[in-house]
Amino acid sequence: MVRIKISKILEQKIRRGYPWVFHYQVQNENIKGKAGDLAVVYDSKNQFLAIGLYDPESEIRLRILQTSNPVDIDSDFFEERFNKALVLRDNLFSEGTTGYRVINGESDGFPGLVLDRYENTAVMKLYTSAWLPYLDILIELIKKKIAVKRCVLRRSRKVAALLETSKIYSEGHLLFGDNVDGPIRFKENGIDFEADVIFGQKTGFYLDQRDNRQAVRLLSKRKSVLNVFSYTGAFSVYAFAGGASSVLEVDSNSIALEASKKNLRLHFSSRDFSEAEFSQIKADGFNALSALESDNQKYDMVILDPPAFAKRKKQKNVALNAYMKLAKAGAKVTKKGGLLFAASCSVHVSPASFFKNVFLGIKSAGHRFEEISRTSHAKDHPFISSEGQYLKGVFCRII
Ligand code: SAH
């Protein structure tokens, strides 16, 4: 078995629940393992500290599965974890929500693995190929524990690059069940949606924003809404469900914009939206905002939910600056007394620094504001450590 030595400082962190050993944190390893090997970390007294999934191709060399006492990593081990994840989500959803996260990676004890459910379709997304040797165990567990008809495999960009030559694990590879012949329908808080589980971003839908969307729905009555970075229109459909008078969407991706129109038709099948009620702009979010400002357009509610600006740690400051600029541009097109919702899903940007930059942005637009609430992921996206809290959002009233 691979044996890894690390620093005392990291040892303490891991005891407190930190889930990773990066490649540069490995002080010594007895052999070079292959992806999916189990590796053990010993502490400074040469006692067992942790066991985890080894991945020589990933910057995260080891993803911790278990600390303090050594246990067998087998199907029983994973079944217990799966049960815990299910218990955590028990009673979380009414029958009005059939799309949710069943397993949230590190926080549910499956580091680097996400399992989302869309009605009867499960989607497993792997952020490390270290899980590939465990696929059979995982498939059996999914079949046994959740009554889905099929399960699709999605791979992070890095895992995809590694598996490029593998015909077995292509994007959207069917792990079991019937072929997927189009977008999958599901419900969220009673609203109908479709997700492209094969080519859509993440596993097809941003399930983590569910609670923020519900908040938007409750605040939308008779409001004109600007939804920037709208993707497949989830915030827009919620806004109309809450009685919004109009929604304008901005996204640079035409496929997402088309999917958004479909989602609107799906939920409001008997309603014809006029151009004044619903329209879209295919453009860069920043450019669209400055064009709207030049045109003196203002909205009762502005939603800013951009992609992660900091994909790497080094980009943190550039990202913070971009969040500030975005909040400034958003505040400029928000009516006095109107609401601005700003979100960030950058794991490298802390909640405190994100909020600070949003507030700076609003102020630099020449506005005062009242903070209404700070938000995070929905409850099916638990996080064990600060590393897990990637999503942060804030609702502000512009005054
Ligand atoms: N709010 C969405 C999720 C947004 S994901 C939801 O709740 O489902 C981020 C979106 O930003 C994607 O749809 C992507 O196409 C879009 N995007 C990325 N860069 C962009 C840019 N520079 N300008 C406009 N849209 C962009």
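Here is a walk through some salt bridges, loops, charges and cysteines, with something to select at each stop. Keep in mind that you are looking at a predicted model.

**Stop 1: a buried salt-bridge pair**

Select Arg213 and Glu188. The two form a salt bridge, and their closest N and O atoms are 3.0 Å apart. Trace each residue back to its element: Arg213 belongs to helix H5 (residues 210-219), while Glu188 sits in strand S12, so this pair ties together distant parts of the chain, 25 residues apart. Switch on a surface and you'll find that both Arg213 and Glu188 are buried. Now add Arg210 and Asp380 to the selection. Together with Glu188 and Arg213 they make one network, joined by salt bridges that share partners.

**Stop 2: along to Arg185 and Glu194**

Next, pick Arg185 and Glu194. Their side chains meet in a salt bridge too, at 3.9 Å from N to O. Which of the two is exposed, and which is buried? Arg185 is the exposed one, with a relative accessible area of 53%, whereas Glu194 comes out buried at 16%.

Keep Glu194 on screen and add Gly182. The C-alpha atoms of these two residues are 9.2 Å apart, with their positions 12 residues apart along the chain. Gly182 is in the loop that runs between strand S11 (173-176) and strand S12 (184-188). Its relative accessibility is 29%, so Gly182 counts as partly exposed.

**Stop 3: another salt bridge**

Jump to Lys32 and show Glu29 as well. Here the salt bridge has its closest N and O atoms 3.0 Å apart. Lys32 counts as exposed, because its relative accessibility is 57%. If you feel like hunting for others, the whole structure holds 24 salt bridges.

**Stop 4: two loops with positive phi**

Select Asn91 and check its backbone. Phi is near 60 degrees, a positive value in a residue that isn't glycine. You'll find Asn91 in the loop between helix H2 (75-89) and strand S7 (99-104). With a relative accessibility of 77%, Asn91 counts as exposed.

Then move to Glu119, which has a positive phi as well, about 55 degrees, and is not a glycine either. Glu119 lies in the loop between strand S8 (113-118) and strand S9 (121-126). How exposed is Glu119? Partly: the relative accessible area is 33%.

**Stop 5: a positive patch**

Select Lys13, Arg16, Lys313 and Lys316, ideally with the surface displayed. These four residues gather into a patch of positive charge on the surface. Zoom in on Lys316, which has its place in helix H9 (residues 316-332). Lys316 is partly exposed, with a relative accessible area of 33%.

**Stop 6: the cysteines**

Finish with Cys345 and Cys396. Why is there no bond from the sulfur of Cys345 to its closest cysteine sulfur? That closest sulfur is in Cys396, 18 Å away, which is too far for a bond; a disulfide would need the two sulfur atoms to be within 2.5 Å. Searching the whole structure gives 0 disulfides. One last cysteine to select is Cys151: with 0% relative accessibility, Cys151 counts as buried.

Terms used
Residues numbered from 1 in each chain as written. Predicted model: local features only at pLDDT ≥ 70, side-chain atom pairs only at ≥ 80, totals over all residues. Heavy atoms only, no water. Patch = residues over 30% accessible without salt bridge, like charges linked within 9 Å, V, L, I, M, F, W, Y side chains within 5 Å. Areas by Shrake-Rupley, 256 points an atom, 1.4 Å probe, with all protein chains shown as cover. Lys, Arg positive; Asp, Glu negative; His and termini not counted. Charge placed at Lys NZ, Arg CZ, Asp CG, Glu CD. Helix = DSSP H or I, 4+ residues; strand = E, 2+ residues; numbered from the N terminus. Buried < 20%, exposed > 50% of the residue type's maximum accessible area, 1.4 Å probe, protein only.
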